[in-house]
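Biologist: Please take me through one helix and the core beside it. I would like the general idea, then the case here.

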Amino acid sequence: MIIFTENIDNILKQSIKSFPLITEGENANEIVENSEHIIIAFENTLNKVIGYVILEQASINLPSNIHYIEILEEYQKKGLGTQLLQKMLEYLRKTGKRQVS
């Protein structure tokens with residue numbers, strides 16, 4: 001069963017290190033700590049992070065930036081990326097942010 005969560009803990013920091021975008025020379029812990037908001041797709045039965053979307057912290061008067069969105073290859077083409085983006089856009093609406101890039 002796939003669940004979506006905004007709960008960021010050490011499991012995420014360890015899990016995203018295996019994702020291709022994160023392993024291209026960037027520090028996973030630094031990315032997580034410097035993000036404004038993260039939404040995680042989690043395969044509950046396997047206790048495994050299968051995707052995430054990361055919103056970069058925006059400067060004042062600049063649009064928020066979706067810095068990363070990534071789904072493990074075996075879970076792609078199932079609408080998970082769309083669901084993650086929808087949930088992030090919902091977060092942005094709730095917080096009153098009107099621009100995103």
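**Reading a helix by its two sides**

Modeller: Arg93 and Lys94 are exposed, on the other side of α3 from the buried residues Leu80, Leu84, Met88, Tyr91 and Leu92. Buried means under 20% relative accessible area, exposed over 50%, and partly exposed in between (1.4 Å probe, protein chains only). Helices (H or I, at least four residues) and strands (E, at least two) are DSSP runs, numbered from the N terminus. This is a predicted model: local features need pLDDT of at least 70, side-chain atom pairs count only at pLDDT 80 or more, and totals for chains, interfaces and linings use all residues. Residues are numbered from 1 along each chain as its sequence is written, and side-chain values use heavy atoms, with hydrogens and water left out.

Biologist: Why are the buried residues of α3 on the same side?

Modeller: An α-helix has 3.6 residues a turn, so residues three or four places apart point the same way. Here the buried residues cover an arc of only 120 degrees around the axis, which puts them on the same side of α3. The arc is that of the directions from the helix axis to the C-beta atoms.

Biologist: Which elements do the buried residues of α3 pack against?

Modeller: They pack against β1 (2-5), β2, β3 and β4 (65-71), where contact means heavy atoms within 4.5 Å.

Biologist: How many residues does the largest nonpolar core have?

Modeller: In soluble globular proteins, nonpolar side chains tend to be buried together. The largest nonpolar core (buried Ala, Val, Leu, Ile, Met, Phe, Trp, Tyr and Cys residues joined through side-chain atoms within 4.5 Å) has 13 residues. α3 gives the most to this core, with five residues.
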